[in-house]
Amino acid sequence: MSQICIVGTGYVGLVAGSCFADLGNDVVCLDIDKSKIDGLNAGEIPIFEPGLEDLVRRNRHAGRLVFTSSYQRAIPPADFVFIAVDTASGPGGEASLSSVEAAAKRIAANLDGRTIIVDKSTVPVGTGDLVSSIIRQHRGDDVDFHIVSNPEFLSEGSAVADFLQPDRIVLGSENPSAARDVASLYRSFTSPIIITDLRTAEMIKYASNAFLATRVSFINEIASMCERLGADVTEVSRGMGLDKRIGEGYLSAGVGWGGSCFRKDVLALEHMAAVNGCHPQLLRAVMEINRDMRRSVIRKLREQLGGLRGFRVAVLGVSFKPNTDDVRDAPAIEIIRLLLGEGADVVAYDPVALPNAANEVKGLKTATDPYGAVEGADAVFIATEWNEFNEIDWERAGAAMRRKFILDGRNLYNHEELESCGFEYIGVGQGRNPSPISEFAAVNAAS
Ligand code: UDX
């Protein structure tokens, strides 16, 4: 079993650290945020992630998982030092490397004996070389180290399972034996392992996230066409996804993608492309379509209600997707801001993410359950497909509303069921009121 240090106890670091400990390794999780470390040492988990609390508790009690703010204590005994610090977007969309650089300097100062430094954060292509040069600058030839890129592909809400049963493990290094050493940490996994060079591994991560975002933007563009042309995007996705060459994932139309990764990574890749003389036209369109999806919610509400000022809108779901309390780049947050900006009265409900939403939108009105949120509302907007929203009694909810109108941004409901309770219902990409055929005939005749 190995001695592992994980630098950075955010999503990736905390999940990776506790999973490596659960596999039997001795893990030290390190973070410069002392209050976070104090909380973890007191058994407080800073994020909502199914299964994580148990994993942390079990491995702390077994003595395999410790939390510290001390580089001096954590780095020297480690065989493997994982860098899992944040890489926020800079003003031009570029990934800001200040946390990675700071971590590299402090790791350099404390290295002792042969150490493999593994980058798990999503970092621009070339960062592994940068970390290597920072360590050389600080320690010269005094240290024995190798750099490996091992990007993490975990999704929030299923992070523990994604770590323990990954579709693939990507390892990039200029030193094949260091890559094999990191591979040995995953020896009990059955997942395929790809060993490649550093820069290729770094690119695999960006390309994967950008491709997933592209698929969602693609289906959302098709959804907008379905609305005009009288087709149903849910069936279109199903029909496409059964083609093995296409596959089913990331083809659910909705109000657009969000979260801490897609926007940051698409922007960073776009930036990398642009500064290296490439023309990232597709990536720009992926971003633009996503922006449009959010604006289209406002347009649909305005059209249906005949304005927004003074109307009350209940927003159900504020996290960027279900099973997380994360509201970073959540479509709901931007849409709430736009609605408030247009003079609408907004009341939000979410099973876990309201405290985070209230930090983002000062003075946000919230309710403790969906029925409280819809009281007196002129419209309900479904922003996140939480499972519990399937249990809402819409007869009861409708009776408390001023106008029974649902804009279902996640195609969670069957329109017939809602309409049978007296609701006006609009989903995404459900072309139930197509443009008259004569318009198309006219266009075709003219072309
Ligand atoms: C993503 C990647 O999946 C993960 O591999 C990477 O490490 C981090 O970024 P995450 O941000 O947790 O993970 O979210 P994900 O589940 O991929 O969803 C991203 C967004 O796309 C969400 O807002 C989700 O609602 C949206 N989405 C996803 C759709 O709108 N339609 C879909 O079909 C799939």
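Student: Why are helix α9 and helix α10 called oblique to each other?

Tutor: In this predicted model, helix α9 (residues 198-229) and helix α10 (residues 233-241) pack with their axes 9 Å apart and at an angle of about 135°. Angles over 145 degrees count as roughly antiparallel and those from 65 to 115 as roughly perpendicular, and an angle of about 135° falls in neither range, so α9 and α10 are oblique.

Student: Which hand does the crossing of α9 and α10 have, and which residues meet there?

Tutor: The crossing in which α9 passes α10 is right-handed. On the α9 side, F218, I219, I222, A223 and C226 take part, and they meet V233, V236, S237 and M240 in α10.

Student: What makes up this contact of α9 with α10 by class?

Tutor: The contact of α9 with α10 has eight nonpolar residues, one polar residue and no charged residues.

Student: Why is α11 described as roughly antiparallel or roughly parallel to α12?

Tutor: Helix α11 (residues 262-275) packs against helix α12 (residues 281-305) at an angle of about 150°, and their axes are 9 Å apart. Because an angle over 145 degrees counts as roughly antiparallel, the value of about 150° makes α11 roughly antiparallel to α12.

Student: Is the crossing of α11 and α12 left-handed or right-handed, and which residues make the contact?

Tutor: The crossing of α11 and α12 is left-handed. From α11 the contact draws on R263, V266, L267, L269, E270 and A274, while α12 provides L283, R284 and M287. By class, six of these residues are nonpolar, none is polar and three are charged.

Student: Why is α12 called oblique to α13?

Tutor: The axes of α12 and helix α13 (residues 331-341) are 9 Å apart, and the two helices pack at an angle of about 45°. Roughly parallel would need an angle under 35 degrees, and roughly perpendicular one of 65 to 115; an angle of about 45° meets neither condition, which makes α12 oblique to α13.

Student: What makes the contact between α12 and α13?

Tutor: R294, V297, I298 and L301 of α12 are in contact with α13 through P331, E334, I335, L338 and L339. The crossing of these helices, α12 and α13, is right-handed, and by class their contact has seven nonpolar, no polar and two charged residues.

Student: How do you know that S252 makes a polar contact with the ligand?

Tutor: A backbone N or O atom of S252 lies 2.8 Å from an oxygen atom of the ligand, and because a polar contact is a pair of N or O atoms within 3.5 Å, the pair at S252 qualifies. S252 is also one of the residues that come nearest to the ligand, together with F153, E156, Y250 and K321, out of the 19 around the ligand.

How values were computed
Residues numbered from 1 in each chain as written. Predicted model: local features only at pLDDT ≥ 70, side-chain atom pairs only at ≥ 80, totals over all residues. Heavy atoms only, no water. Axes fitted to C-alpha atoms, helices over the stretch in contact; angles between N-to-C directions. Helix = DSSP H or I, 4+ residues; strand = E, 2+ residues; numbered from the N terminus. Left-handed = near helix turned anticlockwise from the far one by under 90°. Contact = heavy atoms within 4.5 Å. Nonpolar A, V, L, I, M, F, W, Y, C, P; charged D, E, K, R; others polar. Near = heavy atom within 4 Å. Polar contact = N/O pair within 3.5 Å; in protein donor to acceptor, adjacent residues only side chain to side chain.
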